[in-house]
Amino acid sequence: MADTPATVFLKAQGVAYTEHEYDYVEHGGTGVSSRALGVPEHAVVKTLVMQDEAAQPLLVLMHGDRKVSTKNLARQAGVKRIEPCRPDAAQRHSGYPVGGTSPFGTKKPLRVYLERSILDLPKIYINGGRRGFLVGVAPGEIARLLRPVLVQVALGD
């Protein structure tokens, strides 16, 4: 399997991870990958590229089976408003296509906000840098490598 900027980054940092490929489905979301891997959707972490009112990009890492309260996120981030980026802007900021966005090895450093309860999981599955490819890592590695701001902004489905 060819390396991605994400796997190159993880290897350079000495992170132990597992690789998991699945058949990507356009707009299929984390339900598709969790079923394909046979893991709870709660353990599949999505990487969302958003921006504040000044169009400054940021990443939000959220459980696959939850949505982000952008209102609560803005309040916890100390900004007026946060909204998802358009797909072209998201790719420009992260270097990854939508559906293949990894928080590791982004084109430029981005602020990262992590749903606090993700750290309680024994293992998470997060995009490895291309569509249909997840890496399994210990959630503590995200905290160590990305130094995210911990937030509580999850909404149930």
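Is Phe9 buried, partly exposed or exposed, and what is its relative accessible area? Phe9 comes out as partly exposed, at a relative accessible area of 24%. That puts Phe9 above the 20% under which a residue counts as buried. Here are my notes on the rest; keep in mind that this is a predicted model.

1. **Overall build.** The chain has 5 helices and 10 strands. Its radius of gyration is 14 Å, close to the 15 Å that the globule rule gives for 157 residues, so the chain is as compact as a globular protein of that length. If you want a box to picture, the C-alpha trace spans about 40 × 30 × 30 Å along its principal axes.

2. **Inside and outside.** Of the 157 residues, 48% count as buried. The accessible surface comes to about 7,700 Å², and carbon and sulfur atoms account for 51% of that surface.

3. **Who touches whom.** Take the contacts between residues at least 6 apart in sequence: 63% of them join residues at least 24 apart. Several of the pairs below link distant parts of the chain, and I've flagged them as we go.

4. **The aromatic pair.** Searching the whole structure turns up 1 aromatic pair. The partners are Phe9 and Phe104, with 6.1 Å from centre to centre and 20 degrees between the planes. The pair counts as stacked because planes under 30 degrees apart are put in that class. Phe9 sits in helix H1 (residues 5–12), while Phe104 belongs to the loop between helix H4 (87–94) and strand S6 (111–115), so this is a link between distant parts of the chain, 95 residues apart. What is the relative accessibility of Phe104? It is 1%, so Phe104 counts as buried, whereas Phe9 is partly exposed.

5. **An arginine over a ring.** Have a look at Arg130 as well: it lies over the face of Phe133, at 4.5 Å from the ring centre.

6. **Salt bridges, starting with a long-range one.** How many salt bridges does the structure hold? There are 7. In general, side chains of opposite charge can pair when their charged atoms come close. One of the bridges joins the side chains of Arg111 and Asp52, at 3.2 Å from N to O. Arg111 is in strand S6 and Asp52 in strand S2 (residues 44–52), so the bridge ties together distant parts of the chain, 59 residues apart. Asp52 is buried, with a relative accessible area of 8%, but Arg111 is partly exposed at 33%.

7. **Two more bridges.** Arg81 and Glu83 also meet through their side chains in a salt bridge, 3.6 Å from N to O. Both partners are partly exposed: Arg81 has a relative accessible area of 42%, and Glu83 has 30%. Then there is the bridge between Glu141 and Arg144, at 2.7 Å from N to O. How far apart in helix H5 are Glu141 and Arg144? They are 3 residues apart in H5 (residues 139–146), which means about one helical turn separates them. Arg144 counts as partly exposed, with 40% relative accessibility.

8. **Helix H2 and what it packs on.** In helix H2 (residues 29–37), the buried residues are Thr30, Gly31, Val32, Ser33 and Ser34. The buried residues of H2 pack against S2 and strand S8 (133–137). Just after H2 comes Gly38, which takes a positive phi of about 70 degrees.

9. **Thr47 in strand S2.** S2 deserves a second look, and Thr47 is one of its residues. Is Thr47 buried or exposed? It is buried, with a relative accessible area of 12%. Leaving aside residues up to four places away in sequence, Thr47 touches Leu59, Val60, Leu61, Thr101, Ser102, Pro103 and Ile126.

10. **Lys71 on the outside.** By way of contrast, try Lys71, found in helix H3 (residues 70–77). Its relative accessibility is 64%, so Lys71 counts as exposed; the cut-off here is over 50%. Lys71 and Arg92 are 21 residues apart along the chain, and 24 Å separates their C-alpha atoms.

Technical notes:
Residues numbered from 1 in each chain as written. Predicted model: local features only at pLDDT ≥ 70, side-chain atom pairs only at ≥ 80, totals over all residues. Heavy atoms only, no water. Helix = DSSP H or I, 4+ residues; strand = E, 2+ residues; numbered from the N terminus. Buried < 20%, exposed > 50% of the residue type's maximum accessible area, 1.4 Å probe, protein only. Phe/Tyr/Trp six-rings, centres within 6.5 Å; stacked < 30°, edge-to-face > 60°. Lys NZ or Arg CZ within 6 Å of the ring centre and 35° of its normal. Salt bridge = Lys/Arg side-chain N within 4 Å of Asp/Glu carboxyl O. Rg over C-alpha atoms; globule rule 2.2 N^0.38 Å. Contact = heavy atoms within 4.5 Å. Areas by Shrake-Rupley, 256 points an atom, 1.4 Å probe, with all protein chains shown as cover.
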